[in-house]
Amino acid sequence: MAALNAVGGVHFASLQPALVSSSLAAFTLNRILNPEQESSSLEELAPKGTNIEQVKTAVAGLTSVLLESAKHDVTVTDFRAALQDQGVSAPEAEKVAAEYERYKPSLRRLLARTQFSLPNLTGVRWRLDQIVQSKHLLHVNEPVFMLRFNILHSNGREEPLEVTCSEEHLRELHTTLSQATHQVSDTLKKLS
């Protein structure tokens with residue numbers, strides 16, 4: 001439950017517990033997962049005598065809580081308990097938690113597609129080739145380095161990146177990477 005409270009923060013307080021319901025959760029999830037699809041209007045969800053701005057605030061708060069909970073892989077039990085801690089009735093918390101559990105995999109897939117993360121370098125292979133003959137006769141008897149970097153993207157797809165370079169370019173690459181490594185180390189030392 002601490003995970004959800006830490007994730008929800010200010011938005012969790014804006015849930016408007018009296019307005020949180022399974023129909024509001026279904027509406028919110030539909031808007032998150034199918035933004036281009038027409039959905040029922042907020043006016044239809046608002047209980048009589050409720051200001052439409054309160055409903056909008058409740059949808060915004062529930063959107064934040066659902067996405068952050070899915071992002072941090074909050075369990076359905078912790079999700080339900082946190083809703084009840086915020087004043088949502090037990091029967092409604094149960095229904096909303098059931099909707100969260102049902103759509104959590106879809107939310108996580110959506111978040112994986114939309115979040116930005118740099119690809120990871122998972123491996124490097126190299127070989128040295130000697131050019132014996134060239135049709136342009138410019139680079140005869142020169143060593144050529146073939147580098148193959150294995151890149152893992154955030155979507156789980158692996159991709160090779162192949163680079164051919166001369167000995168001079170390989171030395172430049174080595175020097176640049178060494179400088180970057182030292183700079184990162186120095187920065188981390190200053191931060192700790």
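The following exercises, each with a worked solution, concern the strands, a helix and the salt bridges of a predicted model.

Residues are numbered from 1 along each chain as its sequence is written, and side-chain values use heavy atoms, with hydrogens and water left out. Because the model is predicted, local features need pLDDT of at least 70 and side-chain atom pairs count only at pLDDT 80 or more, while totals for chains, interfaces and linings use all residues.

**Exercise 1. Determine the strand order of the open sheet and identify its edge strands.**

Step 1. Strands (E, at least two residues) and helices (H or I, at least four residues) are DSSP runs, numbered from the N terminus. Two strands pair if DSSP finds at least two bridges between them.

Step 2. β1 and β2 are joined by 11 bridges in the antiparallel sense. One of the contacts at residue level is that of I131, whose bridge partner in β2 is E142.

Step 3. Strand β2 (residues 142–152) is also antiparallel to β3, over nine bridges. Here N150 has P160 in β3 as its bridge partner.

Step 4. The order of the three strands is accordingly β1-β2-β3, with antiparallel pairing in an open sheet. The edge strands are β1 (120–131) and β3 (158–166), each of which pairs on one side only. From one strand to the next, the twist averages 20°.

**Exercise 2. Describe the connection between β2 and β3, and the placement of helix α7.**

Step 1. β2 and β3 form a hairpin, with five residues between them. In the turn, G156 has a positive phi of about 90°.

Step 2. Helix α7 covers residues 167–191. This helix lies across β2 and β3 (contact means heavy atoms within 4.5 Å). Its direction makes an angle of about 120° with β3, where axes are lines fitted to C-alpha atoms, for helices over the stretch in contact, and angles run from 0 to 180 degrees between N-to-C directions.

**Exercise 3. Classify the residues of two salt bridges as buried, partly exposed or exposed.**

Step 1. Side chains of opposite charge can pair when their charged atoms come close. A salt bridge is a side-chain nitrogen of Lys or Arg within 4 Å of a carboxyl oxygen of Asp or Glu. By this rule the count is nine salt bridges.

Step 2. Buried means under 20% relative accessible area, exposed over 50%, and partly exposed in between (1.4 Å probe, protein chains only).

Step 3. R102 forms a salt bridge with E99, with the closest N and O atoms 4.0 Å apart. Because these residues are three apart in helix α6 (residues 90–114), about one helical turn separates R102 and E99. R102 has 56% relative accessibility and so counts as exposed, whereas E99, at 17%, counts as buried.

Step 4. R148 and E162 meet in a salt bridge at 2.8 Å, N to O. This pair links distant parts of the chain, with R148 in strand β2 and E162 in strand β3, 14 residues apart. R148 is partly exposed because its relative accessible area is 34%, and E162 is exposed at 57%.

**Exercise 4. State the exposure of both partners in the salt bridge between E159 and R157.**

Step 1. The side chains of E159 and R157 meet at 3.6 Å, N to O.

Step 2. E159, at 34% relative accessibility, is partly exposed. R157 is also partly exposed, with a relative accessible area of 42%.
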